[in-house]
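Student: I should like to learn how to read the features of a structural model. May we begin with its secondary structure?

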Amino acid sequence: MVDDSKGSTSLERVPEDKDLLELASAEPSVSELLRRGLDWVTRIARFDLATLFLLRDARLVAVAARGPLANAQVRGHVLELARFPQVRQALETRRARAFTEEDHTGEGDPFDGVLDLPPGHSCMVVPLCSGERCYGVLTLDRVECETYAPSVVELVEVYGQILATALQNAEQRATFERMHRQDREHAKLLESELGGDSEGILETSLSPVMRDLARRARQVAETDTPVLLLGETGTGKERLARAIHRWSARADQPFVTLNCAAIPAGLLESELFGHVKGSFTGAIKDRAGRFQMAHRGTLLLDEIGELPVDLQAKLLRALQEKTFEPVGSDRVVRADVRILAATHVDLQQAIAQRRFREDLYYRLSVFPLRLPPLRERREDLAQLCAFLLAEQVRRTGRRGMRVTPEGLARLAAYDWPGNLRELANVLERATILSPGLELGPHAFELPTRAPMEVPEVRPAAMTLEDVPTLAKVQREHILRVLSLTKGRIYGPGGAAELLGLKPSTLQSRMKKLGIARQDQFVIEGPR
Ligand SMILES: Nc1ncnc2c1ncn2[C@@H]1O[C@H](COP(=O)(O)OP(=O)(O)OP(=O)(O)O)[C@@H](O)[C@H]1O
């Protein structure tokens, strides 16, 4: 593993500060450290053989050797720890020690059978330990019959600690990089599975508001400025976020999303910043968070208004310093991430209610983009229908579907509280139910009143005392729809679709309104 071209017989000298600084602060890989680790020892102690052993299952395996005595046999040497109690003791006590001839009389010399060293030669064992980990030992041997001076032993002990710390850092870096690579692959896979790989009707929109918005989105895409996407539910915030990513220089890097409303508050920090094994019950292995997954790419924080206040502070720090600490780790991780945030709630109001930090708001809202509701861009209906019907072919298998002018007139007369998502659902349902290729006015099932209207609550019959709160009306309406769908939230005909909401949005609203996943409902997962 190493070359042993020149052994050192030079006098011990205190290493120059820059040598140690380099070792402690540079970012070499584990193999580079093992290769170069012995170079540095030549500067602080005399030896004829310096060997680096790594601990593997109660054995010490030689991985590198230097000095005139280093040979192939030394490099393949393995020590059973059980046979060398004094070496084991040095590891257990984490103290370096020099050996005298008497020390070896009981257990023999670790290099017996490999090298012909004279009785009473100089020998020292230096443990390589940092934090919880013991990596192995460094041994130094000289043919001269004398014992290494305590001052030299102390110096090499300090060196051993620095080398072990550098090894630990290199190992952690390698782990994080590996996790990052795996998660990047995973994110790419998910992205292609989820589709949405076209920006849809943005730049070709007939609505001047939309076209202006698309133009500004393209301009900001070229920068790393955070963008705040505002708009009612289903107006296309996520699709616009994907378009901004694709238009940016980060397009070949991952696009990662986190829906802050869909993840239980207790798990959000780990989802964002990752965690190390054992940091909480269930953390059975190290896991990268969305920040790491999005390294060099874009992270969309959807429903940002739902982020708990304590996490808002941590997010702000991550945005300002571009560093964060995974849960349970005191190691600072650096990630280069472009942030996009989306919300349908009024963040100004959330700030007034102290549910959202003002400083985070200003950080995220440098460049706000507000998506208009569908009822304000009805001129796009024909184009949107054609686009969505074509996009749905993959699921419905129905090619060539089109909406007749009469059908369009009916769609244009509706208010679309669920916006583009509701339109997509209405079109998909109509396609499935329609025998032919044409979708006329009767093909569409549109509610005759606004979906949130509750028939039983008649304003005329109300008195000032019994005006129900909006939350109560919403709660009753959601419960009624859930009982209609037998508790089913997802999929066609599920409560989320009927209410024109994303399943995750419905779930978070149910949580807020205290609607538990009740036993009488059969809740099915996504299909
Ligand atoms: N520009 C567009 N062109 C065509 N279809 C679009 C466009 N934008 C969004 N859609 C469709 O509208 C639906 C909702 O889009 P999206 O999820 O981006 O909305 P959203 O505003 O993020 O929703 P929410 O607020 O509920 O998270 C999706 O089916 C999407 O395919």
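Tutor: Helices (H or I, at least four residues) and strands (E, at least two) are DSSP runs, numbered from the N terminus. In this protein they come to 20 helices and 15 strands. The model is predicted: local features need pLDDT of at least 70, side-chain atom pairs count only at pLDDT 80 or more, and totals for chains, interfaces and linings use all residues. Residues are numbered from 1 along each chain as its sequence is written.

Student: What share of the 527 residues in the protein is buried?

Tutor: A residue is buried if 20 or more other C-beta atoms, placed from the backbone, lie within 10 Å of its own; it is exposed if 12 or fewer do, and partly exposed in between. Buried residues make up 35% of the 527.

Student: Which residues of α2 are buried?

Tutor: They are Leu33, Leu34, Gly37, Leu38 and Val41. These residues cover an arc of only 125° around the axis (taken from the directions from the helix axis to the C-beta atoms), which puts them on the same side of α2.

Student: Which residues come nearest to the ligand?

Tutor: A residue is near a molecule if its C-beta atom, placed from the backbone, lies within 6 Å of it. Of the 22 residues around the ligand, Gly200, Gly236, Lys237, Glu238 and Leu420 come nearest. Two or more residues of the shell come from each of α8 (237-247), α14 (381-391) and α17 (419-433).

Student: Where does the ligand lie with respect to domain 2 and domain 3?

Tutor: Domain bounds come from an automatic or database domain assignment. Domain 2 (195-372) and domain 3 (375-446) both give residues to the shell around the ligand, so the ligand lies between them.
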